[in-house]
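Please walk me through this model in the viewer, moving from the whole chain to its charged side-chain pairs, and say at each stop what to select.

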Amino acid sequence: FTPRFIKDLVLIFIFGISFYALTHNPFFYPRPYPTTGNWSIQFMQHPLLLGFAGHNYLLLRDADGSIVSELHGLATDKKTGNWKYVGADKTDVLQVWEFEESTKYLAGKNFPGIILSQGNQLAIETLWKKAEECKDRINQKQIPYPPYGFTIRGETENSNSVAYTLALCMQVDVRHLGLFTPGSQNNLLK
């Protein structure tokens, strides 16, 4: 082994450990653990770009921890009305989609997140209905979806903005998740 090879190997190892620590840090990427027996509303993040960016959404869980429903802001084809994983067309609009089956959008919900509220079924479902009411108000606005989910000109309005706005509609406190989540502090109903 040459000294250059050993130096490069050490640098790769240090970078790898640093990268893992940064993208798996519980400060940026906490895990929600509701109290057993409680229903909960969770502010979740699907990591993107190797964990540097993320797609925020809301999740409703029952007392057993099963997913009951999810609210996602997604790029939507204005002509067909179909949602897309990634919006790239300038004609796409941002729409809030509710999925009542975990396999409908993304299966295996072991993503980072925080608990926005937990309690009995009636209290949590009442909060969730507030978010559903705001869903309709956001969808009526026909907000243009920025290509690939962000813009460098002006405020980004994307899935992260939807999750933040829906949390505000429920009057619950939400904090920033992840490293790079453009649009995460934008209220779409202001």
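A salt bridge here is a side-chain nitrogen of Lys or Arg within 4 Å of a carboxyl oxygen of Asp or Glu. The model is predicted, and with that in mind, begin with the whole protein in cartoon view, where 4 helices and 7 strands can be traced in the order α-β-β-β-β-β-α-β-α-β-α from the N terminus.

Switch next to a surface display, which covers about 10,700 Å², 58% of it belonging to carbon and sulfur atoms; of the 190 residues, 45% are buried. Among contacts with a separation of 6 or more, 64% are between residues 24 or more positions apart.

Now turn to the salt bridges, of which the structure holds 3. Select Glu-98 and Lys-135, whose closest N and O atoms lie 3.7 Å apart; this pair links distant parts of the chain, since Glu-98 sits in strand β5 (residues 93-99) and Lys-135 in helix α3 (residues 121-140), 37 residues apart. Glu-98 is partly exposed at 21% relative accessibility, whereas Lys-135, with a relative accessible area of 17%, is buried.

Then select Lys-84, Asp-89 and Asp-92, which are joined into one network by salt bridges that share partners. Lys-84 meets Asp-89 at 2.8 Å, N to O, and meets Asp-92 at 2.9 Å, N to O. Colouring by accessibility shows Lys-84 as buried at 19% and Asp-92 as buried at 0%, while Asp-89 is partly exposed at 38%.

Technical notes
Residues numbered from 1 in each chain as written. Predicted model: local features only at pLDDT ≥ 70, side-chain atom pairs only at ≥ 80, totals over all residues. Heavy atoms only, no water. Helix = DSSP H or I, 4+ residues; strand = E, 2+ residues; numbered from the N terminus. Buried < 20%, exposed > 50% of the residue type's maximum accessible area, 1.4 Å probe, protein only. Contact = heavy atoms within 4.5 Å. Areas by Shrake-Rupley, 256 points an atom, 1.4 Å probe, with all protein chains shown as cover.
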